[in-house]
Amino acid sequence: MSTTAIGQPAPDFDTASTAGGRQTLGDLKGRKLVLYFYPKDNTSGCTLEGQNFRDLHEQFEAANAVVLGVSRESIRSHDNFRAKESFPFHLLSDPDETLCKAYDVMKEKSMYGRKYMGVERSSFLIDEQGVLRQEWRKVKVKGHAEEVLEAARAL
């Protein structure tokens, strides 16, 4: 069940990070946060999405925004993915889906007639005080990072 609502405090988290150790929402007070959820490391769409955020990283930094990617993959997988793609931002590991469920991104999907639960590509923009300001669901990769950057700049 989602605990997200625009204009309300974003769901807190305490999640393993490629930064080493744990990452919490509270660690980021005073900075805007772009939290983007993606299905799987090293897949075409997820790689392209990460590359788009990577290529705009300096502009996100200039807007006082931290970018964090989230999926259910392990830290080891994230470390490899991050190194391979030269991501300057960190990735959060959510194998038990606690963060995914808090942001209501676990959705029923279907592939080759088989139904399963998976991460719906989604992004969230959280302000410097930890308040959720904007969300994007069922994200299409093309142009998405640019749209999020413009929203971060406008905050």
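A residue is called buried when its relative accessible area is under 20%, exposed when it is over 50%, and partly exposed in between (1.4 Å probe, protein chains only). Helices (H or I, at least four residues) and strands (E, at least two) are DSSP runs, numbered from the N terminus.

Please keep in mind that this is a predicted model: local features need pLDDT of at least 70, side-chain atom pairs count only at pLDDT 80 or more, and totals for chains, interfaces and linings use all residues. Residues are numbered from 1 along each chain as its sequence is written, and side-chain values use heavy atoms, with hydrogens and water left out.

**The whole protein**

Let's start with the overall layout. The protein has 5 helices and 9 strands, and from the N terminus they follow the order β-β-β-α-α-β-α-β-α-β-β-β-β-α. The radius of gyration, taken over C-alpha atoms, is 14 Å; this agrees with the value near 15 Å for a compact globule of 155 residues, where the globule rule is 2.2 Å times the number of residues to the power 0.38. Contact means heavy atoms within 4.5 Å. Some further values for the protein are gathered here.

| Property of the protein | Value |
|---|---|
| C-alpha box along the principal axes | roughly 45 × 35 × 30 Å |
| Buried residues | 50% of the 155 residues |
| Contacts between residues 24 or more positions apart | 62% of those with a separation of 6 or more |
| Exposed area (Shrake-Rupley method, 1.4 Å probe) | about 7700 Å² |
| Share of that area from carbon and sulfur atoms | 49% |

**Helix H3**

Now for a closer look at one helix. H3 spans residues 75–85, and its buried residues are Ser77, His78, Phe81, Arg82 and Glu85. Seen down the axis of H3, they fall within an arc of 130°, so they line one face of the helix; the arc is that of the directions from the helix axis to the C-beta atoms. Arg76, Ala83 and Lys84 are exposed on the other side of H3. The cover over the buried residues of H3 includes helix H1 (44–55), together with strands S4 (65–71) and S5 (90–93). Just after H3 comes Ser86, which takes a positive phi of about 55°.

**His57**

Another residue to find in the structure is His57, which lies in helix H2 (residues 57–62). His57 has a relative accessible area of 15%, so it counts as buried. Leaving aside its neighbours within four places in sequence, His57 is in contact with Pro88 and Phe89.
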